[in-house]
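Q: Before any docking or solvation work, I would like to learn how to read empty space in a protein model. Could you take me through it, one feature at a time?

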Amino acid sequence: MNTIVFDAPYATVTYFPEKRSMILIWNGSPSTEEYKKPFLTMIEFGRKVPVDGMLSDISNQGVINPDNRKWFEKEMMPLAVAAGLKRGAIVTNGNAFKLYYINLILSTVNKFPIQTKLFNNRQEAIAWLDSFLVEVPATF
């Protein structure tokens with residue numbers, strides 16, 4: 001059963017146990033503290049359950065403060081990798097400001113041992129994350 005890990009007007013995080021993935025859907029422009037909350041909640045939740053993949057849909061996300069981006073790069077990414085994150089998918093509508101923001105993030109994220117990929121729609125991003133799933137044989 002899927003679990004809502006975080007739910008606020010500006011962001012929702014859902015955990016999909018059979019996929020070992022979390023999906024973060026942004027809505028609007030979060031404040032500095034609001035920006036951190038879903039990520040920190042994901043890290044805390046991920047300490048209790050296996051999480052290999054993460055999708056962040058920023059299609060409806062507003063402008064992000066540069067301090068938030070720096071926090072994500074310097075603090076959040078090391079925590080995510082230490083927690084076992086292996087893959088990250090980003091979904092965007094492709095406007096110029098978001099692509100600039102994403103390119104700044106990716107230039108830092110690519111320094112970590114994590115695979116990342118950019119998508120125009122959520123279905124393709126989910127399919128990419130699903131392509132890494134391995135069926136575990138039943139034990140006898």
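**Empty space in a predicted model**

A: Let us begin with the enclosed spaces: two cavities of 30 Å³ or more are counted here, in a model that is predicted. As a general idea, rolling a probe the size of a water molecule over the atoms shows where empty space is left.

Q: What is the volume of the largest cavity, and which residues lie nearest its centre?

A: The largest cavity has a volume of about 420 Å³, and of the 29 residues that line it, Phe39, Met54, Phe72, Met77 and Leu85 lie nearest its centre. Strand S3 (21-26), H1, S4, H2, strand S5 (87-91) and H3 each supply at least two residues of this lining, which divides by class into 23 nonpolar, six polar and no charged residues.

Q: Which residues line the second largest cavity?

A: The second largest cavity, with about 30 Å³ of space, is lined by Lys19, Ser21, Ile23, Ile126, Leu129 and Asp130. Two or more of these residues come from each of S3 and helix H4 (122-130), and H4 gives the most, with three. By class, the lining of this second largest cavity has three nonpolar, one polar and two charged residues.

Q: Turning to the open spaces, which residues line the largest pocket?

A: The largest pocket, with a volume of about 260 Å³, has a lining made up of Gln61, Gly62, Val63, Ile64, Asn65, Pro66, Arg69, Phe97, Lys98, Tyr100, Tyr101 and Leu104. Helix H2 (66-82) and H3 each supply at least two of the lining residues, and the largest share, five residues, comes from H3. Sorted by class, the lining of the largest pocket holds seven nonpolar, three polar and two charged residues.

Q: How is the lining of the second largest pocket divided by class?

A: The lining of the second largest pocket has five nonpolar, two polar and five charged residues. This pocket has a volume of about 190 Å³, and among its twelve lining residues Arg20, Asp52, Phe132, Leu133 and Val134 lie nearest its centre.

Q: Is Gln61, as a residue of the largest pocket's lining, buried or exposed?

A: Gln61 counts as buried because its relative accessibility is 5%, where the cut-off for buried is under 20%. Gln61 is found in the loop between strand S4 (53-57) and H2, and, leaving aside neighbours within four places in sequence, it is in contact with Trp26, Gly28, Tyr35, Lys98 and Tyr101.

Q: Which residues of H1 are buried?

A: A general point helps with reading such a list: an α-helix has 3.6 residues a turn, so residues three or four places apart point the same way. In helix H1 (residues 32-46), the buried residues are Tyr35, Lys36, Pro38, Phe39, Met42, Ile43, Phe45 and Gly46. The helix has 15 residues and reaches 22 Å from its first C-alpha to its last, close to the 21 Å expected at 1.5 Å a residue.

Q: Where is confidence lowest in the protein, and where is it highest?

A: The general caution is that where pLDDT is low, the predicted coordinates should not be read in detail. Here the protein averages a pLDDT of 89, and 95% of the residues score at least 70. Confidence is lowest in helix H3 (residues 96-109), at a mean of 75, and highest in strand S2 (residues 11-16), at 98. When you return to the largest pocket, recall that H3 supplies the largest share of its lining.

Methods:
Residues are numbered from 1 along each chain as its sequence is written. This is a predicted model: local features need pLDDT of at least 70, side-chain atom pairs count only at pLDDT 80 or more; totals for chains, interfaces and linings use all residues. Side-chain values use heavy atoms; hydrogens and water are left out. pLDDT is the predictor's confidence in each residue, from 0 to 100. Helices (H or I, at least four residues) and strands (E, at least two) are DSSP runs, numbered from the N terminus. On a 1 Å grid over the protein atoms alone, a cavity is a set of points where a 1.4 Å probe fits but cannot get out, and a pocket is an open set with protein on both sides within 12 Å along at least five of seven lines; lining residues have an atom within 4 Å of a point. Grid points are joined across faces, edges and corners, and a volume is the space filled by probe spheres set on the points. Ala, Val, Leu, Ile, Met, Phe, Trp, Tyr, Cys and Pro count as nonpolar, Asp, Glu, Lys and Arg as charged, and the others, Gly among them, as polar. The expected span of a helix is 1.5 Å times one less than its number of residues. Buried means under 20% relative accessible area, exposed over 50%, partly exposed in between (1.4 Å probe, protein chains only). Contact means heavy atoms within 4.5 Å.
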